Amino acid sequence: MSKKILIQALQGERTDRVPFWYMRQAGRYLPEYNRIRSQMTFMELTRNVSAAVEVSQQPYLRFGMDGLIMFSDILTPLSGAGIPLHFAEKKGPVLEKVIRSNEDLAALQEFEATRDTPYVADILQKLRQFCDAEGPALIGFGGAPFTLASYLIEGGSTRSFDECKRMLFGQADLYRTLALRLTEISINYLSMQIQAGAEVIQIFDSWGGVLSVEHYQKFAAPYSQKIIEKLKEKYPKIPVILFVGNAAHLTAALSSSGAAALSLDWRVPAAEIRQIPPGIALQGNLDPLVLYGSQTTVQQETRSTLTRFENRPGYVFNLGHGIHPATPIENVETMVRTVRDYKLNHS
Ligand code: CP3
C-alpha cells in the first residue's frame, strides 16, 4: 500500500492535493451521532466498542476525510486511573475527585492502558482494518499533562483556572509530581494506541494558551516534550501533532517541542506562521465559527486559509479548534468541497 496522504503531509512531504480532517469531526452536529448518543451516556459510548467504532466512521462516510480520529475523550485514561467522571448537559466534564493536595494524589491510581482501558485498543484495531480498506489514516490522541492536570485540579472545565494556577504558583512541587504522573500515564496510553493501530498521534494541550510564554515553558512544555521524545524513540515512523489552543504567543516555544507537526488555531498571525521552521508540518487553522456564516463566506474563508499555507511543504487543512454542535452540515460540505477542489500552485 502506498503511503497515506495525511502521513505524507505530516512527515513534511509535498502532496498533490491538501489532505484534511477536523477536530471533533465525530459529534453532535451529526444527526447520526445524536441517534447513537441518545441511547447511552457519553462515557458508555466511549466504552462501547461497536458504537464507538461506528461513531468514529460517521464523519468519514459523509465527507471522506483523509484522517479518521478515534472516538473517545482526552479524559478517558483518567477514568481508567481511578477518577470517576461523567459529562453533564451544558456543563461538560465533571470529575468526581479533585487533586489539590499531596493526599489527593492517591486518588490517581497506577495506570496500565492494556488493563485499564482495553476498549480503546479494541476500537483502534477495528478502525485500522476499516482505514486500510478505505484509505484514511487512523489518528489516536491524548491530552497533554498541563491540560489533563487542569481538569484534575479544577474538577472539570473552568474559565478562570483559579485552582490550577493556585497550584502552579503556590504548590509547584505538587504540580510537578502530578504532571510527571500524567506524563507517564500518557506515554503508556499513547504507546498502547500505536500498538493497536494508530498511525498518527495528536496531543491536545487545549488550555496551554492560558499561560504566559515563560510559564508555558516551565509548566507545560517539558511534559509534552517528554511524551513526544519518548514516542519518537519508540515509534520513529509515527508522526506526532501538537495542538495548543489560543497559542498565538507560543509559536516559538512550540517550534522547539519536537513534534512533527503543529496544529494552529485561527489567532496565529500569518507573520508568526512564517517564522515556524519549514521542517515542521502545519495543520489548521480556520475559525470553526466561520461555519456559522453563509456558504459564500465559508468558501472564501476556506480558500484564504488554504492560500495562507500554500507554500508549506507539509500542510493539512483543519479547523483551529473543534467543530461546534450547532454547525450546519451544508457548511461542512461546502468547506470539504472547497478543500478538495483547491488547486495547488506548485507542481
Ligand atoms: O471527533 C473527534 O475529534 C474525536 C473525539 C474527541 C472528543 N473529545 C469527543 C467529545 C476528541 C479528540 C476530544 C478531545 C477533548 N475532550 C479535548 C481536546 C480538544 C478540545 O476541544 O480542546 C478536550 C478539552 C476534551 C474535554 C471535553 N470533552 C469537554 C470540555 C467536553 C464538553 C464540551 C462539549 O463539547 O460538550 C467533552 C465532551 C465531548 N467529547 C463530546 C464529544 C463528541 C460531546 C459530548 C456529548 O456527546 O454529550
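Reader: How do the residues of the shell around the ligand divide?

Author: They divide into 13 nonpolar, seven polar and four charged. Ala, Val, Leu, Ile, Met, Phe, Trp, Tyr, Cys and Pro count as nonpolar, Asp, Glu, Lys and Arg as charged, and the others, including Gly, as polar. This is a predicted model, where local features need pLDDT of at least 70 and side-chain atom pairs count only at pLDDT 80 or more, while totals for chains, interfaces and linings use all residues. Residues are numbered from 1 along each chain as its sequence is written, and side-chain values use heavy atoms, leaving out hydrogens and water.

Reader: Which residues around the ligand come nearest, and what makes a residue near?

Author: Of the 24 residues, Arg24, Arg28, Tyr33, Ser206 and His321 come nearest. A residue is near if one of its heavy atoms lies within 4 Å of the molecule.

Reader: Why is the approach of Ser206 to the ligand called a polar contact?

Author: A polar side-chain atom of Ser206 is 2.4 Å from a ligand oxygen. A polar contact is a pair of N or O atoms within 3.5 Å, so the pair qualifies. Arg28 qualifies too, with a side-chain N or O atom 2.6 Å from a ligand oxygen. For His321, the separation from a ligand oxygen is also 2.6 Å. The protein covers 89% of the 870 Å² of accessible area that the ligand has on its own (Shrake-Rupley method, 1.4 Å probe).

Reader: What makes Asp132 and Lys4 a salt bridge?

Author: The N to O distance between their side chains is 2.7 Å. The rule asks for a Lys or Arg side-chain nitrogen within 4 Å of a carboxyl oxygen of Asp or Glu, so the pair passes. Asp132 belongs to helix H7 (residues 118-134) and Lys4 to the segment before helix H1 (5-10), 128 residues apart. Helices are DSSP runs of H or I with at least four residues, strands runs of E with at least two, numbered from the N terminus. The rule gives twelve salt bridges.

Reader: What is unusual about the peptide bond between Gly284 and Asn285?

Author: The bond is cis, with omega about -15°. Asn285 is in strand S8 (residues 281-286).

Key: A polar contact is a pair of N or O atoms within 3.5 Å; within protein, one must be able to donate a hydrogen and the other to accept it, and residues adjacent in sequence count only if both atoms are side-chain atoms.
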